[in-house]
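Trainee: I've got a protein open on my screen and I'd like to talk it through. Could we take it one piece at a time?

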Amino acid sequence: MATCTKCGKSGFGLLEVKNGKCPTCRKAEEQAELSKTDEQRAREKVAKDTALQQAKRLTITTETTLNQDVERLGVVASEVVLGMNLFKDALANIRDIFGGRSGVVQKTLKDARELAFSEIRLQAAELGADAVIAVDIDYHSMSTGSSVNMMIVSVSGTAVKREQA
């Protein structure tokens, strides 16, 4: 059974809850979106663009401190799941047989990591953070048994704002 992250109701089938929301909450969000004025949409776009610009300047570090007092704003996290298509999978298997580095797989993992970093930067900027500290990066592979391989890159950290002296 699935639970809606918005209203907290449970008892839904796994296919009923999408993006963490039950059908009722999704419908309410759709109606709210449709009722927005052009001016509201324009303000939201400006706010999103501003957050994107701030996100590009955010520091991301594995260190747990910035050697100054900070206000912790919360945990930010991103999971990126990328499929290894048949071509990439075949090249990786050949490389596995003969040994050496697989450039195709490495590029896929790098792209996934960079996308995850971008997502946590944006989340942190939306919280008003100056940096993300204590960043943890995890890599996993998942196979569905039918030789369909997926690569998962999970990144999390703590969004912080430097306290003014």
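Trainee: Let's begin with charges. How many salt bridges does a search of the whole structure find?

Mentor: Keep in mind that this is a predicted model. Side chains of opposite charge can pair when their charged atoms come close. Searching the whole structure for such pairs gives a count of ten salt bridges.

Trainee: Which residue forms a salt bridge with Asp49?

Mentor: Look along helix H2, because the two partners are four residues apart there, about one helical turn. An α-helix has 3.6 residues a turn, so residues three or four places apart point the same way. The closest N and O atoms are 3.0 Å apart, and the partner of Asp49 is Lys45.

Trainee: Is Lys45 buried or exposed?

Mentor: Start with its partner: Asp49 has 33% relative accessibility, so Asp49 counts as partly exposed. For Lys45 the figure is 52%, and the cut-off for the top class is over 50%. That makes Lys45 exposed.

Trainee: Which residues do salt bridges with shared partners join into one network?

Mentor: One link in helix H2 is easy to spot: Arg41 and Asp38 lie there three residues apart, and their side chains meet at 3.8 Å, N to O. Arg41 is partly exposed at 32%, while Asp38 is exposed at 64%. The whole network is Glu33, Lys36, Asp38, Arg41 and Glu44.

Trainee: What is the N to O distance in the salt bridge of Glu29 and Lys21?

Mentor: Glu29 has a relative accessible area of 32%, so Glu29 sits in the partly exposed class. Its side chain meets that of Lys21 in a salt bridge. The N to O distance is 3.4 Å.

Trainee: Now the overall layout. In what order do the elements run from the N terminus on?

Mentor: The secondary structure comes to four helices and six strands. Follow the chain from its N terminus and you can read them off one by one. The order is β-β-α-α-β-β-α-α-β-β.

Trainee: How far apart are the end C-alpha atoms of helix H4?

Mentor: You can predict this one, because each residue adds 1.5 Å and H4 has 25 residues (103-127), which should span 36 Å. The model agrees with that estimate. The end C-alpha atoms are 36 Å apart.

Trainee: Which residue follows H4, and what is its phi?

Mentor: Go to the end of the helix and step on along the chain. The phi there is positive, near 85 degrees. The residue is Gly128.

Trainee: What about the strands: in which sense do E5 and E6 run, and how many bridges join them?

Mentor: E5 covers residues 131-143 and E6 covers residues 149-162. As one reference point, Asp136 stands opposite Ser156 in E6. The two strands run antiparallel, and the bridges between them number eleven.

Trainee: And in which sense does E3 pair with E5?

Mentor: E3 is residues 59-60, and two bridges connect it to E5. In one of the pairs, Thr59 has Ala131 as its bridge partner. The sense of the pairing is parallel.

Trainee: Which element gives the most to the largest nonpolar core?

Mentor: That core has 21 residues, and those with the most contacts inside it are Val76, Ile120, Ala124, Val132 and Val155. The elements giving two or more residues are H2, E4, H4, E5 and E6. Among the buried residues of H4 are Leu109, Phe117 and Ile120. With nine residues, the top contributor is H4.

Trainee: Which residues does Ile137 contact, leaving aside its neighbours within four places in sequence?

Mentor: Ile137 lies in strand E5 and has a relative accessible area of 30%, so it is partly exposed. The C-alpha atoms of Ile137 and Phe117 are 9.6 Å apart, although 20 residues separate them along the chain. The contacts of Ile137 are Arg113, Phe117, Val153, Ser154 and Val155.

Trainee: Last one: how many disulfides does the count come to?

Mentor: A pair of cysteine sulfurs has to be within 2.5 Å to qualify. For Cys22, which is buried at 1%, the nearest cysteine sulfur is that of Cys25, 3.6 Å away. Cys22 is therefore in no disulfide. The count of disulfides is zero.

Note on methods. Residues are numbered from 1 along each chain as its sequence is written. This is a predicted model: local features need pLDDT of at least 70, side-chain atom pairs count only at pLDDT 80 or more; totals for chains, interfaces and linings use all residues. Side-chain values use heavy atoms; hydrogens and water are left out. The expected span of a helix is 1.5 Å times one less than its number of residues. Buried means under 20% relative accessible area, exposed over 50%, partly exposed in between (1.4 Å probe, protein chains only). Two strands pair if DSSP finds at least two bridges between them. A nonpolar core is a set of buried Ala, Val, Leu, Ile, Met, Phe, Trp, Tyr and Cys residues joined through side-chain atoms within 4.5 Å. A salt bridge is a side-chain nitrogen of Lys or Arg within 4 Å of a carboxyl oxygen of Asp or Glu. Contact means heavy atoms within 4.5 Å.
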